[in-house]
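These are my notebook entries on a two-chain model, kept in the order in which I looked things up. I begin with one pair of residues and widen the view from there.

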Amino acid sequence: MPTTTISADHLCVGYGKRPVVEGVTLDMRPGELLVLIGTNGSGKSTLLKTLAGLINPVHGGLHLLGKHAGQLPKRVAYLPQHPVSSHTLPLQVRDVVTMGRFAHLGLFKPVTKDDQTIVEESMRRAGIEEQANKPIRDLSGGQQQRTHLAQVLARQAEVLLLDEPTAGLDINGRNLVASLIAAERARGVTVVMATHELLDAEHATSVMLLAQRVVAVGPPDVALRDEFLRQCFGFTQPH
Amino acid sequence: MALTCAVTGTFVVLRGLSFIGDALAHGVLPGIAAAMLLGVSGMLGAAVSAAVMMSGVGIINRRLRLSGDTAIGLLFVGMLSLGVLISSRSLSLVGDLEEILFGDLAHVEWSTISIQFIALLGLAIVFAICRRPFLLLSVDEGLVSTSGFSAKIFHNVMMAMVATTVIVSFTTVGTLLVMGMLIAPAATGALFAHRTSSMILIAALAGLASVYFGLLASYHYDLAAGASIVLTAVILFALAAIVSEVQKFRIRRNDVDHEQEHPHAHGHVHI
């Protein structure tokens, strides 16, 4: 019987005491993919930040791998939405990806050969290995996003929390993200991903439609029905 | 002073902390003026002022839910006005005000230089310990917490480094100009560096060159020393920016030429 990786019981997320989304209940197992879909301000990022432990729940229960959110940085990796400051950073791609190992290294442990191998492998999987020695600010938006994805992979976590990982990527990039997520799920990683794109939900275990409340949750064929999409977006998106 | 500013200035530039740094540099004025009136160390007064200012910014930001730059701006002008008022209460301080604002390199004592050297060592040690969370802070604050570090603690450590740099450097170039030494050499480094360590190294070299050539100009043309140093740092940045742009133009032109000669040389797709 697989253990629960993410459990939420009537979780209310928001900022301070101001709720953004209420009534989130989750019971995720290893290898599952939950896709959060909604417009800007619908609460996707707020829910992901709560799962990552960056903001406290307004109320309700939340556990990741049996602990409170934010207590297991080595086992949970988070990809923030648009880490824009990279445009000015004098950092090489390899340095940015190596940051993915910092949760394991802490302040003082030196970077080992094993860490370097993981970093090289993560860059190769994200298709950014040819740019390894380039400054990240010289890369296109899509290449920067791949670099941040490689950083998340380098954590070798059991739970991935991805805030719009396909933002700024073309069709090749989207396919790459889909195949990376599939590969991670195959090795038992639980993935929660926020997106605007219905196509990203194709292979999800479950989909949650958000519009400052939970509009629908369930397998893609149930949650993405026209009636729920209308409530979420105000109109029906073409599939 | 140039080396201290290089270490701290690198992260001021990377994290976009110029405004808070500038505000801090002006906000130490009342502490220095009060310290002079009471006959105690100006650096001690500056440290108290900096602590009051940082606490005030934190309280306005968190409790009143006003944006960070509003909080900084309010404290900035408030502390500056208080400093001028304290100075104007004492006729003996009016002359000193210019010294506080623009520094007095000619009368820098060995004790000040010793304090600056100790501060440099201290900041270098703190930087060596905190370099990983500092790098994460420069990319995204969320990454710091989700990597197992406290964003709040390391942000405060970084701000303490900025405050320390301002406090130990104001006697040399003054509170008005210290930000020039924090930002200009580090910005020069940012133009060329591909790694943070090389950015600090370039910033240090640019800072040292600014001090050397600034003092040379000040000596030969009888100019104010602090202003000469900072202006040299800004001119060095402008020259570096021109060189950097020319370099980029050449690289782009070479790429275009190469693409015209070998239209499908690159097999991979850039996204």
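**Entry 1: a bridge and its sheet**

I started in chain A, where A77(A) has L160(A) of β6(A) as its bridge partner. I note at once that the model is a predicted one, and I read everything that follows in that light.

Stepping back from this pair, I found that β5(A) and strand β6 (residues 159–163) of chain A run parallel and are joined by four bridges. I then traced the sheet to which they belong, and it proved to be an open one of six strands in chain A, ordered β5-β6-β7-β3-β8-β9, with mixed pairing. Which strands stand at the edges? They are β5 (76–79) and β9 (214–218) of chain A, and each has a single partner strand, so one side of each is left without a neighbour in the sheet. From one strand to the next, the twist averages 10 degrees.

**Entry 2: the other sheet of chain A**

I next looked up the three-stranded sheet of chain A, which is open and antiparallel, with the order β2-β1-β4. Its edge strands are β2 (18–28) and β4 (59–64) of chain A, each of which pairs on one side only. For this sheet I noted that neighbouring strands are turned by 35 degrees against each other on average, with direction ignored.

Strand β1 (residues 6–15) of chain A pairs with β2(A) in the antiparallel sense, and I recorded seven bridges between them. Within β2(A), the residue that stands opposite I6(A) is M28(A). I also checked what packs on this sheet, and found that helix α1 (residues 44–52) of chain A lies across β1, β2 and β4 of chain A, running at about 120 degrees to β1(A).

**Entry 3: chain A as a whole**

Counting the elements, I have eight helices and nine strands in chain A. The C-alpha trace of chain A spans about 50 × 40 × 35 Å along its principal axes. I asked what radius of gyration a compact globule of 239 residues would have, and the value is near 18 Å; chain A has 18 Å, which agrees. Of its 239 residues, 49% count as buried. As for contacts in chain A with a separation of 6 or more, 67% of them are between residues 24 or more positions apart.

**Entry 4: the domains of chain A**

The domain assignment of chain A gives domain 1 as 29–55 + 67–75 + 157–239 and domain 2 as 86–156. I noted a separation of 23 Å between the C-alpha centres of domain 1 and domain 2 of chain A. How many residues of each domain are in contact with the other? For domain 1 of chain A the count is 13 residues, and for domain 2 of chain A it is twelve. On the side of domain 1 of chain A that touches domain 2 of chain A, helix α6 (residues 171–186) of chain A gives the most, with four residues. By class, that side of domain 1 of chain A has nine nonpolar, two polar and two charged residues.

**Entry 5: chain B**

Turning to chain B, I counted twelve helices and zero strands. The C-alpha atoms of chain B fill a box of roughly 75 × 50 × 30 Å, taken along the principal axes. I recorded that 48% of the 271 residues of chain B count as buried. Among contacts in chain B between residues at least 6 apart in sequence, 69% join residues at least 24 apart.

I picked out one residue for closer reading, M43(B), whose place is in helix α4 (residues 42–63) of chain B. Is M43(B) buried or exposed? M43(B) has 21 C-beta neighbours inside 10 Å and therefore counts as buried. Leaving aside residues up to four places away in sequence, M43(B) touches I115(B), I167(B) and V168(B). I also noted G31(B), twelve residues from M43(B) along the chain, with 8.5 Å between the two C-alpha atoms.

**Entry 6: where the chains meet**

Last, I looked at the contact between the chains, which takes 23 residues from chain B and 29 residues from chain A. On the side of chain B that touches chain A, the elements that give two or more residues are α7 (110–139), α8 (141–146) and α11 (196–221) of chain B. The most comes from α7(B), with six residues. I divided the residues of this side of chain B by class and have eleven nonpolar, nine polar and three charged.

Conventions:
Residues are numbered from 1 along each chain as its sequence is written. Chains are lettered from A and ligands numbered from 1 in the order in which they are written. This is a predicted model: local features need pLDDT of at least 70, side-chain atom pairs count only at pLDDT 80 or more; totals for chains, interfaces and linings use all residues. A residue is buried if 20 or more other C-beta atoms lie within 10 Å of its own, exposed if 12 or fewer, and partly exposed in between; C-beta atoms are placed from the backbone. Two residues are in contact if their C-beta atoms, placed from the backbone, lie within 7 Å. Ala, Val, Leu, Ile, Met, Phe, Trp, Tyr, Cys and Pro count as nonpolar, Asp, Glu, Lys and Arg as charged, and the others, Gly among them, as polar. Domain bounds come from an automatic or database domain assignment. Two strands pair if DSSP finds at least two bridges between them. Axes are lines fitted to C-alpha atoms, for helices over the stretch in contact, and angles run from 0 to 180 degrees between N-to-C directions. The radius of gyration is taken over C-alpha atoms; the globule rule is 2.2 Å times the number of residues to the power 0.38.
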